[in-house]
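User: I should like to learn how strands and loops are read in a protein structure. Could we work through one example together?

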Amino acid sequence: EVVAPGHGSFDSPAAREYQFNFTVTWGGGAGNDLDGDGLPNFWEEANGLNPNDPADAASDSDNDGLTALQEFERRSDPRKADTDADGLSDKVETGTGIWVSGQDTGTSPTKPDTDKDQLSDGVETNTKTFVSNTNTGTNPHLKDSDGDKVSDGTEVAEGTDPTNPAVFPDCETPILNGGSIAEILGPDDLHLDPSSVLIAVDVYGDQMEEGRNVNGVTFFSDRCDDCPDNEGVLEVGEVTFRAVSTHFINGWATPPNFTGGQGDSAEQLAGIMEDIRWSAAPSPLTVDIEGLDPGASVEVQMLFDEGADRNRRWDIGVEGELAVDDFTSEGCRGDSGGVWSPENSFVYTFEAMPSADGILNIVLEMDLGGEPIPGGDNNPILQGVIVHRAGAAVPFEITGITASPEQVVLTWNSLPNRDYAVEFKADLSNPVWIEVDDGVASEGTTTSFTDDDPARTGVPQGYYRVRN
């Protein structure tokens, strides 16, 4: 039996420390398992079973080959043969994390995309041979099955082979964070959703007051001629864009001959591509996007236009990690050069989670690691940035607890790249919490911790809390 008197969330304006108290009681008995079949009363009632009938532990109402007791142990739904609707029966999704065969995939029966590569577990057949979008041959436990630094989902979406490391999605530039680089020929090639845009920036643009409207999204300039202290700073609502560069030029590039879009959107987008901020190599061009919700991911689109038939190269880093190795402003073609034309520009798109202070940091610099940057012009440039709200805030709460005299397993919603502290007390009247572990590393969006100390697991009841 688990009692959770309170919880907090990441979007709370209060201090980011929350307490979760749980009363844990185990071992059959009339209070928790009336029929003694190993299934808690509350679980049987929630899943249409009879807490007074021990025979239903062996039932299989969804005909997936698992008994109700096995479904309880796997945390799957005894009323659904495929709990997560990924095309695989709960029976074959054994949750071990190891692929054995099509009858023992090791994937999670409650997560449709175990490795988070944007492909459902059901299409990742692990044959190492790509057949189609519904039989990808990829490993459901690996985000990048062929090790070419491009996620399986990206390769399938781009129409390339996710099982062959020699085939990249139309470029040789390694994209290390699951993002993408694409050619744009007009506004319709960009994701422009006014309902989810947090900020759209015309970098050093000349339309400083009225902005530029592109498919319903208004791009405002970060330029401020009369306020040098705020040069490169743009505030829209609660979000602030802050760019630092050694140089900036108005009217640097010839505007592309864009087509499509609503009204004069093509012309307005072409105007955004004229002006740049740039830094003289090896100096970086940095962008900080502030005021973001630290519990919600964002989609960032960065716009580049070379403006002529020339090629420059640099790296891109996101949150201190190399994200794009050897980017070229003429598109991603690595050593073979760019694909500039008077009609095109390029967009680098990625999703990221802001740091705990609500800031997302992006760095464009000649060499941030990876392969050596070729010689030539290594001055990074930037013409536009669009930030979309990509995901809802993740509540900071304990989502599961499993207890026995041997161990207690806690599971909670978490954020990447964080450490958590787990504490315990046997009596709430005692003001002192016992530190169990103060360095539990995040496992991504969900983190689990096992406490197997008999000094705690052997007591009749206990209280745990998790701190961020």
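Analyst: Let us begin with a definition: two strands pair if DSSP finds at least two bridges between them. This model is predicted. Here, strand 10 (residues 276–278) and strand 17 pair in the antiparallel sense over 2 bridges.

User: Which residue stands opposite Leu382 in strand 17?

Analyst: That partner is Arg277.

User: In what order do the strands of this open sheet lie?

Analyst: In general, the strands of a sheet pair through backbone hydrogen bonds, either parallel or antiparallel. In this case, 3 strands form an open sheet in the order 9-10-17, with antiparallel pairing. Strand 9 (247–249) and strand 17 (381–382) are the edge strands, each pairing on one side only.

User: Which strands pair with strand 18?

Analyst: Strand 4 (residues 197–202) pairs with strand 18 in the antiparallel sense over 5 bridges, and Ile199 stands opposite Val387 there. Strand 12 (residues 298–304) also pairs with strand 18 in the antiparallel sense, over 6 bridges; in this pairing Met302 stands opposite Val385.

User: How many residues of strand 18 are buried?

Analyst: A residue counts as buried under 20% relative accessible area. In strand 18 (residues 384–389), 5 of the 6 residues are buried.

User: Is Asn63 buried or exposed?

Analyst: A residue counts as exposed over 50%. Asn63 has a relative accessible area of 66%, so Asn63 is exposed. Asn63 lies in the loop between helix 1 (41–46) and helix 2 (68–74), and its phi is near 55°, a positive value in a residue other than glycine.

Note on methods. Residues numbered from 1 in each chain as written. Predicted model: local features only at pLDDT ≥ 70, side-chain atom pairs only at ≥ 80, totals over all residues. Heavy atoms only, no water. Buried < 20%, exposed > 50% of the residue type's maximum accessible area, 1.4 Å probe, protein only. Helix = DSSP H or I, 4+ residues; strand = E, 2+ residues; numbered from the N terminus.
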